[in-house]
Amino acid sequence: MRIVVGITGGIAAYKVPELVRLLVKAGHEVRCAATEHALQFVTRPTLETVSGAPLYCDLFASGGTEHISLKDWGELLVVAPATANIIGKVAAGVADDALSTLLLAFSAKPVVMAPAMNSDMWAHPAVQRNLTTLRGWGIGIVGPAEGELACGVSGTGRMAEPGAITEAIANFEFGKTNFEEKESTNSRFRIQNSKLAGQRWLVTAGPTYEKIDAVRFIGNYSSGKMGFALAEALAEAGAEVELVSGPTHLDISTCQHINVHRVESAREMYAAATEVFPACQGAILSAAVADYRSAEQADHKLKKQGDEGMTLRLVQNPDILATLGTMKRDGQRLVGFALETDNELQNAEGKLRRKNLDFIVMNSLRDAGAGFGVDTNKVTILGADGSRKESPLMTKTEIARLIVNTVALTDTL
Ligand code: CTP
């Protein structure tokens, strides 16, 4: 592919030569375009050497039409790092230098941006509004990641690593213009192929509710969004999906390749999952299953007993994932989730082995923007073969596609 790498003025620009090197190694032809500020962080000779082509930086070079020739040449424009400034300019349609003019000229072609900025700037409503506009136009947003920032604080705002950007580009959906009508949560990072045609996959999603009495239950904050996104990604890749979901407000009834089983408690989820698993090629268990339920469930409403406290006796629920691990036949793939707060990798690896899984998808509650209720997530996918893949912060739709590409579409294990 012919890729234009656009560079703006952030400290992460020093990683761009590595990004260009990885893209060239992956077989792409690369040309660079930079803002004047970018050249405070990375030099023209470096960019020209790694790309093997002259740098485009001056709007009036070559008679002022270079942005059009570069637009005609390029098949994809990747802006890395993308500052708050360039994001704002594109959202507002401003073209006042070489790169912003090229970005506007690129309107009919795919664009990917890897934002990088201070975490407070990232959190500003203007930046978030601009990103929603860009996503709505189909511009792919990769990252940013969480970690140490140049200003000395830790937070969300680090540019996604060059390897993660290269991977996101490999999963990018081409052939659409930027301005096709789309929901803003929709994205163009998609499934690589449709090898799953004719396969049946089980997905568990959402929380479980464990009844205490006629009006009360034990539950958790899971929204079901990750599991529903996984079901959609599998269906998009051609699979028939058995989606076993705990109580959520999400609706998926329009997709004919997803068969929804609504359940309430862990024991109902266990019954549905163990029933459909034998007919499936794989299962991804993303539900937040209650580990315990009340030992007794009253059919009436329990009344207060004087001024004393109340003791609720809990008993353990069956572990659906571990049970499927014992049922697993050769050729079936089993994928679990691990939501961890400490010793994340060690705990996740322990679960992978103990429950006889092929992959485990680890979320850390320490990552801002990951976990319950939010539309974004950031995961590490660990394989039984020792493989490890870290995602940048992306929408749950994008994360779901990455998971499906990794756990269902790779041959090696
Ligand atoms: N899970 C399940 N059935 C349960 C509990 C969990 O299928 N009764 C699945 C979840 O869907 C998830 C994975 O197991 O895929 C991890 O759940 P988690 O609660 O993190 O693991 P536990 O084994 O319960 O470990 P711990 O409580 O020690 O963290």
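Modeller: A polar contact is a pair of N or O atoms within 3.5 Å; within protein, one must be able to donate a hydrogen and the other to accept it. The model discussed here is predicted.

Biologist: Which backbone nitrogen does the side chain of Ser 51 reach?

Modeller: Ser 51 belongs to helix 2, which covers residues 44–51. Its side chain has a polar atom 2.8 Å from the backbone oxygen of Leu 47. At 3.3 Å, within the 3.5 Å limit, the side chain of Ser 51 also reaches the backbone nitrogen of Ala 53.

Biologist: Does Ser 51 count as buried or exposed?

Modeller: The cut-off for buried is under 20% relative accessible area. Ser 51 has 13% relative accessibility, so it counts as buried.

Biologist: Which residues surround the ligand?

Modeller: The ligand takes the space of the largest pocket. The elements that give two or more residues to the shell around it are helix 11 (320–327) and strand 16. The surrounding residues are Leu 285, Ala 287, Val 289, Asp 291, Pro 318, Asp 319, Ile 320, Leu 321, Gly 336, Phe 337, Lys 351 and Lys 355.

Biologist: At what distance is an oxygen atom of the ligand from a polar backbone atom of Leu 285?

Modeller: Ligand oxygen has polar partners on the protein, including a polar backbone atom of Phe 337 at 2.8 Å. An N or O atom in the side chain of Asp 291 is 3.4 Å from a ligand oxygen. For the polar backbone atom of Leu 285, the distance to a ligand oxygen is 2.6 Å.

Biologist: What part of the area that the ligand exposes alone does the protein bury?

Modeller: Taken alone, the ligand exposes 580 Å². Of that area, the protein buries 75%.

Biologist: Which helix gives the most to the largest nonpolar core?

Modeller: The largest nonpolar core has 34 residues, and those with the most contacts inside it are Leu 196, Leu 230, Leu 234, Ile 284, Ile 403 and Val 404. Elements giving two or more residues to this core include strand 8 (200–205), helix 9 (225–236) and helix 13 (396–407). With eight residues, the element that gives the most is helix 9.

Biologist: How many residues has the other core, the one with Val 30 and Phe 172?

Modeller: This core lies apart from the largest one. Val 42 and Ala 160 are also among its residues. Its size is 31 residues.

Biologist: Where does the cis peptide bond with Pro 144 lie, in terms of strands?

Modeller: Most peptide bonds are trans. A cis bond joins Gly 143 and Pro 144, with omega of about 5 degrees. Pro 144 is placed in the loop between strand 5 (140–141) and strand 6 (145–148).

Biologist: Which strand holds Pro 81?

Modeller: Ala 80 and Pro 81 are joined by a cis peptide bond, with omega of about -10 degrees. Pro 81 lies within residues 76–82, that is, in strand 3.

Biologist: What is the relative accessible area of Asn 343?

Modeller: Asn 343 is not a glycine, yet its phi is positive, about 40 degrees. Asn 343 sits in the loop between strand 16 and helix 12 (344–354). It is partly exposed, with a relative accessible area of 48%.

Biologist: And what is the relative accessible area of Asn 356?

Modeller: Asn 356 has a positive phi of about 60 degrees and is found in the loop between helix 12 and strand 17. Partly exposed means between 20% and 50%, and Asn 356 counts as such because its relative accessible area is 38%.

How values were computed: Residues numbered from 1 in each chain as written. Predicted model: local features only at pLDDT ≥ 70, side-chain atom pairs only at ≥ 80, totals over all residues. Heavy atoms only, no water. Core = buried A, V, L, I, M, F, W, Y, C linked by side-chain atoms within 4.5 Å. Buried < 20%, exposed > 50% of the residue type's maximum accessible area, 1.4 Å probe, protein only. Helix = DSSP H or I, 4+ residues; strand = E, 2+ residues; numbered from the N terminus. Near = heavy atom within 4 Å. Areas by Shrake-Rupley, 256 points an atom, 1.4 Å probe, with all protein chains shown as cover. 1 Å grid on protein atoms, 1.4 Å probe; cavity = no way out; pocket = protein on both sides within 12 Å on 5 of 7 lines; lining within 4 Å. Sits in = over half its atoms within 2 Å of the grid points.
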